[in-house]
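Open the model in your viewer and keep the selection box handy. We'll go stop by stop, with something to pick at each one.

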Amino acid sequence: MQYDVLIIGAGPGGIFTSYELAKAKRGLRIGVLELGNPLNKRKCPIDGKNVKSCIHCKTCAIMNGFGGAGAFSDGKYNITNQFGGTLYEYIGKEQALELMRYVDGINLSHGGEGTKLYSTANTAIKKMCLENGLHLLDAQVRHLGTDINYTVLGNLYDELKDKVDFHFNTAVTSVEKTEGGYLVHTEKESFSCTRCVISVGRSGSKWMESVCRDLDLPTRSNRVDIGVRVELPAEVFSHLTDELYESKIVYRTQKFEDLVRTFCMNPRGVVVNENTNGIVTVNGHSYEDPARHTENTNFALLVSKHFSEPFKDSNGYGESVARLSNMLGGGVMIQRFGDLVRGRRSTERRIEENFVTPTLSATPGDLSLVIPKRILDGIIEMVYALDKIAPGTANDDTLLYGVEVKFYNMEVEIGNDLQTCSPGLYVIGDCSGVTHSLSHASASGVYVAREILSQL
Ligand SMILES: Cc1cc2nc3c(=O)[nH]c(=O)nc-3n(C[C@H](O)[C@H](O)[C@H](O)COP(=O)(O)OP(=O)(O)OC[C@H]3O[C@@H](n4cnc5c(N)ncnc54)[C@H](O)[C@@H]3O)c2cc1C
């Protein structure tokens, strides 16, 4: 089959590339190859009763399929250049923000209308943070919620399905350069195209490495973020979450001068498993619908680990740490903060008697056996620092789930047009190493589509 543009991966990057290309009505033949299922067939078998932990399905319903890793996410679209990726380094700060606002407009017109846009502008919380050695990053955040996010994706698919050829359950195995473009091989058949946009996200990171090797695309990598997910009563953070929804707060530890930051805050949300390349880590989300709210708020505390020569495999390091928790706990491990600082493991009984009820069933254990000391010390320091602006954070009953790992794809060398050194081959979204969020990945999709249209 011959396409003008073939997109690999139907996450936000791939969806917004195809949306923008189709919207131009230029009669282009556009195809999307996605290894997972259509949105309505994505169903994780973990139900907490019959299936309690990950059974390693062939494709992970949480990470793969239409909507990508973001399909069951909290649907937080952050409009900012301060975090979520470095797209602005390629396309400029103004344009990056403009594209994120454009994506926001599309989400609103596809079912997201009425959802709230939060902002850090003029907030007194910034001053309160500074007074306590904490730094609140600037952002606007649209919170769609897991439910509305799903509706938006469904509406986008309905609009695109007659204009774009979607091939689901189609894992791309390799990409071959040909004279007029690319031959994209899958397990079943091969597709040819003039231009190829790769947007395989974090779950496609290993495969992306093989593409870079095959096509000789220069890369670099040296970072992984390791930490825990914190869960506490929603009241403890309500003065922040009611006003800002999500606050990205950064703290420099006194002991090692490492930076620890809050990440992915989910007011009244749930903690969930995440499966990356067969390793179970932890994440979280929340629903817009008040009927589905819980009594808890969760967020991650992460420490960035940058490696220097000769070590290159930062993701491998993160995986090894996560594997340790999988080895000891059979998956994600949970510990009360009080147990952690007393140097003892949490037990089933201590978790049962805890004042905070966990929203994820995880194995009680000892995170100090899993997380490297320097990182764990930083996390403990940060919990006490947050306790000053949100008293109760450092309570004994605060729950910590481990490990949360944020893998960064190696950065593929691309130009300002997001094109690799192989003409007609573009790498966007999280697999480029340039974006790490829904808004940046989506914006990179719109941008690359416009670049392609401008060249035709
Ligand atoms: C539980 C969870 C919650 C999150 N919450 C938020 C949030 O609230 N806000 C936020 O900004 N970010 C959030 N994120 C991160 C966000 O989802 C990602 O940054 C975003 O989805 C990246 O988009 P992408 O298109 O680059 O990649 P992905 O969304 O990962 O999509 C890539 C797609 O490519 C497919 N693919 C991979 N390899 C192949 C192959 N070989 N052949 C064919 N297809 C392939 C995958 O199946 C996948 O569907 C969350 C992530 C998770 C897992």
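How many bridges pair strand β8 with strand β9, and in which sense? Select residues 172–177 for β8 and 182–186 for β9, and you'll find five bridges in the antiparallel sense. The two strands form a hairpin, with four residues between them. Click on Val175 and look straight across: Val184 in β9 stands opposite. One thing to keep in mind along the way is that this is a predicted model.

**The two domains**

Zoom out and colour by domain. The domain assignment gives domain 1 as 2–116 + 143–219 + 412–455, and domain 2 as 223–407. Their C-alpha centres lie 28 Å apart. Where they meet, 25 residues of domain 1 are in contact with 22 residues of domain 2. On the domain 1 side, the elements that give two or more residues to this contact are α5 and α6 (205–215). The largest share, four residues, comes from α5. By class, that side of domain 1 divides into nine nonpolar, ten polar and six charged residues.

**The ligand**

Now select the ligand and show what is around it. The shell holds 44 residues, and the closest are Gly9, Gly11, Gly68, Gly201 and Gly429. To see which elements give two or more residues to the shell, highlight α1 (12–23), β3 (76–79), β15 (270–276), β16 (279–285) and α12 (438–455). Colour the shell by class and you get 15 nonpolar, 23 polar and six charged residues. Keep the domain colours on while you do this: domain 1 and domain 2 both give residues to the shell, so the ligand lies between them.

**Two crossing helices**

Next, pick residues 93–112 for helix α3 and residues 145–160 for helix α5. What angle do they pack at? It is about 95°, with the axes 8 Å apart, which makes α3 roughly perpendicular to α5. To see where they touch, show side chains for Asn107, His110, Gly111 and Gly112 in α3, then for Ile148, Thr151, Val152, Asn155 and Leu156 in α5. This contact has three nonpolar, six polar and no charged residues.

**A three-stranded sheet**

Stay with α3 on screen and add β3, β6 and β4. These three strands form an open sheet in the order β3-β6-β4, with antiparallel pairing. β3 and β4 (116–119) are at the edges with a single partner strand each, so one side of each has no neighbour in the sheet. Look along the sheet and you'll see the twist, which averages 20° from one strand to the next. For a closer look at one pair, select β4 with β6 (residues 140–143): the two run antiparallel and are joined by four bridges. One residue pair to click on is Tyr118 and its bridge partner in β6, Val141. As for α3, this helix packs on the sheet, touching β3 and β6, and its direction makes about 150° with that of β3.

While you are here, go to Asn122, in the loop between β4 and α4 (125–130). Its phi is near 60°, a positive value in a residue other than glycine.

**The eight-stranded sheet**

What is the strand order in the open sheet of eight strands? Trace β5-β13-β14-β17-β12-β20-β18-β19, and note that the pairing is mixed. The edge strands are β5 (134–136) and β19 (363–364), each of which pairs on one side only. Inside the sheet, try β14 (residues 259–266) with β17, which pair in the antiparallel sense over five bridges. Click on Thr262, then on its bridge partner in β17, Leu301.

Then select residues 373–389, helix α11. This helix lies across β5, β12 (223–233), β13 (249–252), β14 and β17, running at about 135° to β17.

**Two cis peptide bonds**

For the last stop, show the backbone atoms. Where does Pro310 lie? Look in the loop between β17 (296–306) and α8 (314–329). The peptide bond from Glu309 to Pro310 is cis, with omega near 5°. The other one to find is from Gly402 to Val403, which is also cis, with omega near 0°. Val403 sits in strand β20 (residues 399–407), one of the strands you have just traced in the eight-stranded sheet.

Terms used
Residues numbered from 1 in each chain as written. Predicted model: local features only at pLDDT ≥ 70, side-chain atom pairs only at ≥ 80, totals over all residues. Near = placed C-beta within 6 Å. Nonpolar A, V, L, I, M, F, W, Y, C, P; charged D, E, K, R; others polar. Domains from an automatic or database assignment. Axes fitted to C-alpha atoms, helices over the stretch in contact; angles between N-to-C directions. Parallel < 35°, antiparallel > 145°, perpendicular 65-115°, else oblique. Contact = placed C-beta atoms within 7 Å. Pairing = 2+ DSSP bridges.
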